[in-house]
Amino acid sequence: MNLNTIKEIIRPSSADEIGQWRDGYAWLAGGTWLFSEPQFATDTLIDLDQLNWPALEASPAGLDIAATCRIAELYQYAGSADWPAMALVRECCDAFLASFKIWNASTIGGNICMSLPAGPMISLTVALEATYTLWPRNAPPRQVAGVDFVTGNHSNILQPGELLRSMHLPAAALSKRHAFRHASLTHLGRSAALLIGTRTANGDDFLLTITAATPRPIQLRFEHMPSAVELRRAIAERIPADGYFHDVHGSAAYKQHLTYHFAEEIRSELAGPGAHA
Ligand SMILES: Cc1cc2nc3c(=O)[nH]c(=O)nc-3n(C[C@H](O)[C@H](O)[C@H](O)COP(=O)(O)OP(=O)(O)OC[C@H]3O[C@@H](n4cnc5c(N)ncnc54)[C@H](O)[C@@H]3O)c2cc1C
């Protein structure tokens with residue numbers, strides 16, 4: 001839609017060109033959300049496109065994804081054969097309620113900064129233990145664990161003008177075994193629950209990431225594969241009955257049910273030698 005409050009579009013070639021931040025400014029990534037509804041509080045868009053950050057950079061340490069990398073670019077990226085968890089990229093992208101336009105225009109950073117419970121790029125990067133790099137205005141860059149970035153439905157830790165620059169997925173996480181479960185009330189609809197489990201190859205650890213069912217990602221880390229009872233208890237301790245996210249994509253009770261059901265399926269799938277009975 002046309003945004004008739006916009007008076008200026010700035011296209012910087014470096015983020016440093018935007019020194020002074022003021023009310024009315026907004027970073028523009030793919031624009032799929034920004035242009036989907038009126039933005040009464042915004043009069044200036046600052047387009048990230050000209051920053052020309054390399055979309056994907058692989059190294060022995062892992063994969064760096066620029067915030068401006070598009071969903072379609074990440075989807076097509078195969079990654080190293082040593083990184084079986086790269087398969088999660090396609091599963092998470094496919095969990096997106098995405099038209100052709102969103103698929104090709106929307107960015108990974110834009111999806112994370114929207115901070116919706118059903119943000120599949122949040123699910124992906126948190127499950128793969130990402131560290132996010134943030135560029136505050138007029139202060140040195142800072143790094144945060146991906147799991148700590150989203151604080152609630154459509155809210156996160158970004159300060160005014162702070163830019164999400166990139167997400168680093170460590171090779172250790174990319175080389176893990178994984179299991180993925182996702183449900184939506186409608187075909188290609190927004191997620192009601194999206195859970196991912198990972199486990200070190202030949203290890204007995206277990207990391208469970210719960211998204212979409214809760215307002216923000218919840219992560220449960222176990223040194224040893226838990227029993228079904230231990231897992232249920234850990235979820236109950238971490239997420240109270242009123243801690244599930246109710247919206248048109250599913251009631252809180254339904255999402256709670258899916259969470260327990262998928263968590264146990266994932267646990268069973270990844271359980272192996274060394275797991276408790
Ligand atoms: C029909 C439809 C369906 C949708 N379905 C979903 C869905 O299933 N799940 C979901 O999560 N979202 C959904 N969305 C919302 C949105 O389109 C997506 O979240 C999309 O990924 C946003 O990415 P973008 O690059 O287009 O962001 P933009 O629209 O450009 O920006 C989104 C917000 O993030 C800020 N921003 C963007 N990049 C940065 C950055 N690097 N640093 C700091 N701030 C930044 C912008 O200022 C803006 O506030 C949907 C939208 C529509 C219209």
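Colleague: What makes β1 and β3 count as paired strands?
Modeller: In this predicted model, 3 bridges join β1 to strand β3, residues 44-47. Two strands pair if DSSP finds at least two bridges between them. The count of 3 bridges meets that cut-off of at least two, so β1 and β3 are called paired. They run parallel.

Colleague: Which residue is the bridge partner of Ile 9?
Modeller: Leu 45 in β3 is the partner of Ile 9.

Colleague: What holds paired strands together in general?
Modeller: Strands of a sheet pair through backbone hydrogen bonds, parallel or antiparallel.

Colleague: In what order do the strands of the parallel sheet stand?
Modeller: The order is β1-β3-β2, three strands in an open sheet.

Colleague: Why are β1 and β2 called edge strands?
Modeller: β1 (8-10) and β2 (25-28) each have a single partner strand, so one side of each has no neighbour in the sheet. Neighbouring strands here are turned by 25° against each other on average, direction ignored.

Colleague: Now the antiparallel sheet. Which strands form it?
Modeller: There are 5 strands, in the order β4-β5-β10-β6-β7. This sheet is open too.

Colleague: Why do β4 and β7 stand at its edges?
Modeller: β4 (56-59) and β7 (142-145) have a single partner strand each, so one side of each is left without a neighbour. The twist in this sheet averages 20° from one strand to the next.

Colleague: How do you know that β4 and β5 pair?
Modeller: They share 4 bridges, in the antiparallel sense. Pairing takes at least two bridges, so β4 and β5 qualify. One bridge sets Ser 59 against Gly 62 in β5. A hairpin of 2 residues joins β4 to β5.

Colleague: What makes β6 and β10 partners?
Modeller: β6 (residues 131-135) and β10 (residues 163-170) run antiparallel and are joined by 5 bridges. That count also passes the cut-off of at least two, so they pair. Thr 133 stands opposite Ser 166 in β10.

Colleague: On to the ligand. What makes a residue part of its surroundings?
Modeller: One of its heavy atoms must lie within 4 Å of the ligand. There are 27 residues around the ligand. The closest are Trp 27, Gly 31, Thr 32, Ser 106 and Thr 107.

Colleague: Which helix or strand gives the most to this shell?
Modeller: Helix α4 does, with 4 residues. α4 (108-114) and β10 each supply at least two residues.

Colleague: Why is the pair between Gly 30 and the ligand called a polar contact?
Modeller: A backbone N or O atom of Gly 30 lies 2.8 Å from an oxygen atom of the ligand. The limit is 3.5 Å for a pair of N or O atoms, so the pair counts. For a backbone N or O atom of Trp 33, the distance to a ligand oxygen is 2.9 Å. Asn 111 brings a polar side-chain atom to 3.0 Å from an oxygen atom of the ligand.

Colleague: How much of the ligand does the protein cover?
Modeller: It covers 87% of the 970 Å² of accessible area that the ligand has on its own. The space taken by the ligand is the largest pocket.

Definitions and conventions. Residues are numbered from 1 along each chain as its sequence is written. This is a predicted model: local features need pLDDT of at least 70, side-chain atom pairs count only at pLDDT 80 or more; totals for chains, interfaces and linings use all residues. Side-chain values use heavy atoms; hydrogens and water are left out. Axes are lines fitted to C-alpha atoms, for helices over the stretch in contact, and angles run from 0 to 180 degrees between N-to-C directions. A polar contact is a pair of N or O atoms within 3.5 Å; within protein, one must be able to donate a hydrogen and the other to accept it, and residues adjacent in sequence count only if both atoms are side-chain atoms. Accessible areas come from the Shrake-Rupley method with a 1.4 Å probe; for residues, only the protein chains shown count as cover. On a 1 Å grid over the protein atoms alone, a cavity is a set of points where a 1.4 Å probe fits but cannot get out, and a pocket is an open set with protein on both sides within 12 Å along at least five of seven lines; lining residues have an atom within 4 Å of a point. A molecule sits in a cavity or pocket if more than half of its atoms lie within 2 Å of its grid points.
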